[in-house]
Amino acid sequence: MDGRPDHGGGLDSAAARWGGTRADWLDLSTGINPTPYPMPDLPADAWTALPDAAAAARLEAAARAFWQVPEGAAILATNGASAPIALLPHLLPPAQVRIDGPTYNEHARAFRAAGWTLTEGPAQAMVAVHPNNPDGRLWRADQIDASALAIIDESFGEVTPGQSLIALAARPSTVVLKSFGKFWGLAGLRLGFAIGDPALIQQLATRLGPWPVSGPALAIATAALTDPVWTEATRCRLAEDASRLDALVTARGATLVGGTDLFRLYDTGDAQAWQDGLARHRILGRVFPYSSRWLRLGLPGTPQHWQRLSAALNEVGR
């Protein structure tokens with residue numbers, strides 16, 4: 001990991017590189033649910049008034065129940081998971097941090113920016129992306145260092161609820177991160193959660209200020225977190241679509257490496273050639289600077305999108 005920005009998305013850059021307009025492109029480079037949670041009716045003052053404590057408390061209660069947050073752990077709604085990722089390294093004096101890679105690179109960038117040194121051995125802090133991005137690897141509770149600042153990033157964890165390490169959020173120096181944008185498909189809402197050690201959560205709250213989350217985000221997320229029917233139906237659909245994508249891509253010669261039900265990772269032999277081939281059809285896949293073979297794809301969201309991908313793969317795959 002060299003610390004440079006490396007993310008999915010970026011349709012404007014894709015259009016500049018391969019042609020077309022933003023509207024021409026099908027973005028499969030992210031792990032965002034392509035069928036988002038439907039917008040509930042919002043109170044008018046969600047847009048016009050400053051977010052109030054009662055709305056924040058309702059969201060906190062919904063989140064505690066949804067994730068079964070243990071007694072003794074604090075919870076804070078944040079402007080995306082990216083906010084606590086950037087701030088957590090600043091809550092302790094710089095030292096050494098263990099981040100097993102390859103994984104989501106913003107953790108390393110944030111720790112380096114705060115003066116920390118990455119190490120593969122024992123450290124004063126550790127990050128566990130669970131399930132891991134991009135290969136879907138899962139961590140066990142006994143792999144989380146109880147003596148260090150432990151950041152457990154469960155941004156893609158809603159598709160593996162039975163594997164959650166949320167029970168560890170009651171331990172000192174532990175913070176579990178959740179992302180609302182991935183599973184609920186509303187990345188533009190910029191909503192996340194930091195759950196864990198009350199002292200650390202209070203420091204985050206102080207740094208984020210009095211209104212870290214918008215009024216509409218509070219209302220939308222409260223509705224979504226208290227909608228078990230949509231949640232269960234979505235988990236089933238995503239699992240079916242992930243299997244469908246695997247069948248489609250591996251039939252063209254790629255090998256499944258791993259992933260989650262929100263994104264899949266394939267060994268294509270030549271990831272850049274596959275990305276370029278898909279791009280000729282205005283489909284954006286994800287490649288990685290540390291692997292010349294890996295291609296990550298998100299899920300198509302409509303029958304037309306599935307057809308587009310199938311047609312493109314017929315030309316790209318070997």
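Me: What makes Asp267 count as in contact with residues beyond its neighbours within four places in sequence?
Reply: The cut-off is heavy atoms within 4.5 Å. Asp267 meets it with Ala254, Thr255, Val257, Arg293 and Trp294. Keep in mind that this is a predicted model.

Me: Why is the pair Asp267 and Arg293 called a polar contact?
Reply: A polar contact needs a pair of N or O atoms within 3.5 Å. The side chains of Asp267 and Arg293 come to 3.0 Å. That value is within the cut-off, so the pair qualifies.

Me: Where does Asp267 lie?
Reply: Asp267 is part of strand β10. That strand covers residues 263-267.

Me: What makes β9 and β10 a pair?
Reply: At least two bridges are required. β9 and β10 share four, and the two strands run antiparallel. The rule is therefore met. Leu256 stands opposite Tyr266 of β10. Three residues lie between the two strands, which form a hairpin.

Me: Which sheet holds β10, and what is its strand order?
Reply: An open sheet of four strands, in the order β9-β10-β13-β12. The pairing is antiparallel.

Me: Why are β9 and β12 called edge strands?
Reply: β9 (255-259) and β12 (286-288) each pair on one side only. Neighbouring strands in this sheet are turned by 30° against each other on average, with direction ignored.

Me: How do you know that β12 and β13 pair?
Reply: Count the bridges. There are three between β12 and β13 (residues 291-298), in the antiparallel sense. The minimum is two, so these strands pair. Among the bridge partners are Arg286 and Arg296, the latter in β13.

Me: Which helices go with these strands?
Reply: Helix α9 (residues 228-250) lies across β9, β10 and β13, and runs at about 20° to β10. Helix α10 (residues 271-279) packs on the sheet and touches β12 and β13. The direction of α10 makes about 40° with that of β13.

Me: What is the strand order in the sheet of seven strands?
Reply: The order is β2-β8-β7-β6-β5-β3-β4. This sheet is open and its pairing is mixed.

Me: Why is one side of β2 and of β4 left without a neighbour in the sheet?
Reply: Each has a single partner strand, so β2 and β4 stand at the edges. From one strand to the next, the twist averages 25°.

Me: What makes β8 a partner of both β2 and β7?
Reply: Five bridges join β2 to β8 (residues 192-196). Five also join β7 to β8. Each count reaches the minimum of two, so both pairs hold. Both pairings are antiparallel. Leu76 has Ala194 of β8 as its bridge partner. Lys178 stands opposite Phe193 in β8.

Me: Which helix touches β2, β7 and β8?
Reply: Helix α3 (residues 53-67) packs on the sheet there. The direction of α3 makes about 115° with that of β2.

Me: Why is strand β2 said to be largely enclosed?
Reply: Five of its five residues (74-78) are buried, so the rest of the structure largely encloses β2. Ala74, Leu76 and Thr78 point one way, while Ile75 and Ala77 point the other.

Me: Why is Ser173 called partly exposed?
Reply: Buried means under 20% relative accessible area, and exposed means over 50%. Ser173 has 30%, so the residue falls in between. Ser173 sits in the loop between β6 (149-153) and β7 (174-179). Leaving out residues up to four places away in sequence, Ser173 touches Ala148, Leu149, Ala150, Asp197 and Leu200.

Me: Which residues of helix α5 are buried, and what covers them?
Reply: In α5 (residues 106-113), Glu106, His107, Ala108, Ala110 and Phe111 are buried. Their cover includes α4, β3, β4, β5, β6 and β7. After α5 comes Gly115, with a positive phi near 95°.

Me: Which members of the largest nonpolar core touch the most other members?
Reply: Trp67, Ile144, Trp184, Phe193, Ile195, Leu225 and Leu278, out of 62 residues. A second, separate core has 24 residues, including Ile99, Ala114, Trp116 and Ala194.

Me: What does the UniProt annotation cover?
Reply: An unreviewed entry gives "domain: Aminotransferase class I/classII large" for residues 124-307. That stretch is 34% helix and 24% strand.

How values were computed
Residues numbered from 1 in each chain as written. Predicted model: local features only at pLDDT ≥ 70, side-chain atom pairs only at ≥ 80, totals over all residues. Heavy atoms only, no water. Core = buried A, V, L, I, M, F, W, Y, C linked by side-chain atoms within 4.5 Å. Buried < 20%, exposed > 50% of the residue type's maximum accessible area, 1.4 Å probe, protein only. UniProt positions renumbered as here; feature names shortened; annotations may be inferred. Axes fitted to C-alpha atoms, helices over the stretch in contact; angles between N-to-C directions. Polar contact = N/O pair within 3.5 Å; in protein donor to acceptor, adjacent residues only side chain to side chain.
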